[in-house]
There are 2 protein chains.
Amino acid sequence: MNQAKPSIPIGQDGPAEPKYSETAVRILDAAEGLFVELGMAATSLRLITQQAGVNLAAVNYHFRSKDALFEAVFLRRFGPWARACLEELDALERRVAGQPQALTAEVVMSYVRPAVALSKDPARGGAMFVRLFSRVLVENHRQLRETMSRQYGDLVTRYARALGRALPGLSEEEVEWRMHLGFSVMFHAFAGNDILKVFGRSAVSARDPDLIVKHMVPFVVAGLTSPSAGRPPGP
Amino acid sequence: MNQAKPSIPIGQDGPAEPKYSETAVRILDAAEGLFVELGMAATSLRLITQQAGVNLAAVNYHFRSKDALFEAVFLRRFGPWARACLEELDALERRVAGQPQALTAEVVMSYVRPAVALSKDPARGGAMFVRLFSRVLVENHRQLRETMSRQYGDLVTRYARALGRALPGLSEEEVEWRMHLGFSVMFHAFAGNDILKVFGRSAVSARDPDLIVKHMVPFVVAGLTSPSAGRPPGP
DNA sequence: GTATGTTTCAAACAGCTGTTTAAGCCATGA
DNA sequence: TCATGGCTTAAACAGCTGTTTGAAACATAC
């Protein structure tokens, strides 16, 4: 078994997003922008339908409720992104099938590449989606969170496995912590969640994905591979 | 001039928080918890006053409006924290006045120490405040942001200066980026903004500040001091 | 005692919220 | 031609929103 196979099928034929009518798409697009800008609670259906140029009742007709709309807005973007990540992980496992362990930088890039591709693709929401994701993170939408952990929980497991192999000198607990910290940096860097900007004093507020990657990847890799309590760092 | 003096006075006699009446404090406490849990938009004044056990009109009497209440909730916690950070920076500059440069870990700890102290002090809101802060970060409250940059903008400048001295081999741009990334990790780690938890698959959701520091500080220091484009890392 | 200024209270204000209803439109297929 | 089913529409629903009002309760000072 030297050819790694995806352990979950969503990389190939997983839960696909439903096909939406033109009206539904207009609603989704308008809602996406407003949710990002104002948040779920502060965005009214009247604002959405007005901006989308559709009737108010269309939301409850095409989607069941405001909550369901929000879930649809999120999952429409999240599905393709998750699939891209899984493809990257598959490719990574295939690449390092013969090698004893993957390189940390490769694991990092398997997350970064889909994020960059997403940020640069306006058709998939562009940088908007990551900001929407951080809304989901801070506001806590119970139902959406359940959907996520049910359908995509294994994604994290696979990243953990890959990172654990790349950092063989670390305990399981330490790998978990570093993964947590590393993904936090990557996620919030892409989302533009910069505390310094709250003070109006951040010069790096530029949202250029390539620039983000250039500075972020070395930072994260250094953090992930730093020596552990006196032990030497992994290669 | 070997004895560093604070460049801004707020460490000693800066903008102090107003003294609040008992009713006002009850409102602030209730609002704080609800803002953290539900967000500003989803928290109604009736919910706040009900939980505080005061009359509805008390909010508009003691604070001018809901917006002003939110600002008061935030600034009540932020003021003491900012002052603690400035004291740490003063102490750091005094400590390294003779040395050519500060150690990166010391700069990191000058931010971490007040954060830990805050997290452990229920009288000052405990871990609640950092979560409230991340609400401010994601929702963008224009007026509050202006207040922050006006009153506390220099705080970031001083951290940047300290970090720049600790990393003499790096360009100004690179220092800015690393500060941005480093503070992002620290902030979001304390706030508990863990993307992995969205997938229900995070083992490190524990909010113990000491445990956070134990794993986070080495990670951040490694990221900050990592070699720059072929150059060796600073000492 | 009265007068003064501060704080509380119940009630009402106009406006917005998500959702539902029933009538109408319009293309499809028989 | 008529009927069917998908979709849109304006209107109304009950309920909640932040804020204001004027009267009542309160403590303090004279």
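Let's start with the largest pocket, which is lined by 29 residues, with Met40(A), Ala41(A), Glu139(A), Leu38(B) and Ala42(B) lying nearest its centre. Keep in mind that this is a predicted model, where local features need pLDDT of at least 70 and side-chain atom pairs count only at pLDDT 80 or more, while totals for chains, interfaces and linings use all residues. Residues are numbered from 1 along each chain as its sequence is written, chains are lettered from A and ligands numbered from 1 in the order in which they are written, and side-chain values use heavy atoms, with hydrogens and water left out.

What counts as a pocket here? On a 1 Å grid over the protein atoms alone, a pocket is an open set of points with protein on both sides within 12 Å along at least five of seven lines, and a cavity is a set of points where a 1.4 Å probe fits but cannot get out; lining residues have an atom within 4 Å of a point. Grid points are joined across faces, edges and corners, and a volume is the space filled by probe spheres set on the points. By that recipe, the largest pocket holds about 740 Å³ of space. Two or more residues of its lining come from each of helix 2 (22–38), helix 5 (66–95) and helix 8 of chain A, and from each of helix 2 (22–38) and helix 5 (66–95) of chain B. (Helices are DSSP runs of H or I with at least four residues, strands are runs of E with at least two, and both are numbered from the N terminus.) The pocket lining mixes 10 nonpolar, 7 polar and 12 charged residues. For that sorting, Ala, Val, Leu, Ile, Met, Phe, Trp, Tyr, Cys and Pro count as nonpolar, Asp, Glu, Lys and Arg as charged, and the others, Gly among them, as polar.

Now for the closed spaces. There are 7 cavities of 30 Å³ or more, and the largest cavity contains about 190 Å³ of space. Among the 17 residues lining the largest cavity, Trp81(A), Tyr111(A), Phe133(A), Phe183(A) and Ile195(B) are closest to its centre. Helix 9 of chain A gives the largest share of this lining, with 4 residues. What classes of residue make up the lining of the largest cavity? It has 17 nonpolar residues, no polar ones and no charged ones.

The second largest cavity has a volume of about 100 Å³. Its lining includes Ile195(A), Leu196(A) and Phe199(A) from chain A, along with Trp81(B), Tyr111(B) and Phe133(B) from chain B. Helix 8 of chain B gives the most to this lining, with 3 residues. By class, the lining of the second largest cavity has 11 nonpolar, no polar and no charged residues.

Both chains turn up in those linings, so to speak of how they meet: 56 residues from chain A and 56 residues from chain B take part in the contact, where contact means heavy atoms within 4.5 Å. Together the two chains bury about 5,400 Å², with 75% of it on carbon and sulfur atoms. Buried area is the accessible area (1.4 Å probe) that two parts lose on being put together, summed over both. On the chain B side, Trp177(B), Phe199(B) and Phe219(B) supply 15% of the area buried against chain A, more than any other three residues.

Time for the DNA. Around strand C there are 15 residues, and the closest are Ser44(A), Leu45(A), Arg46(A), Thr23(B) and His62(B); a residue is near a strand if one of its heavy atoms lies within 4 Å of it. Sugar and phosphate make up 47% of the atoms of DNA strand C that come within 4 Å of the protein. Which part of DNA strand C does Arg46(A) approach with a polar side-chain atom? That atom lies 2.8 Å from a base nitrogen. Thr23(B) instead places a polar side-chain atom 2.5 Å from a phosphate oxygen of DNA strand C. Pairs like these are polar contacts, meaning N or O atoms within 3.5 Å; within protein, one must be able to donate a hydrogen and the other to accept it, and residues adjacent in sequence count only if both atoms are side-chain atoms.

DNA strand D also has 15 residues around it, and Thr23(A), His62(A), Ser44(B), Leu45(B) and Arg46(B) come nearest. A polar side-chain atom of Ser44(B) sits 3.0 Å from a phosphate oxygen of DNA strand D, and a backbone N or O atom of Lys66(B) lies 2.9 Å from a phosphate oxygen of that strand.
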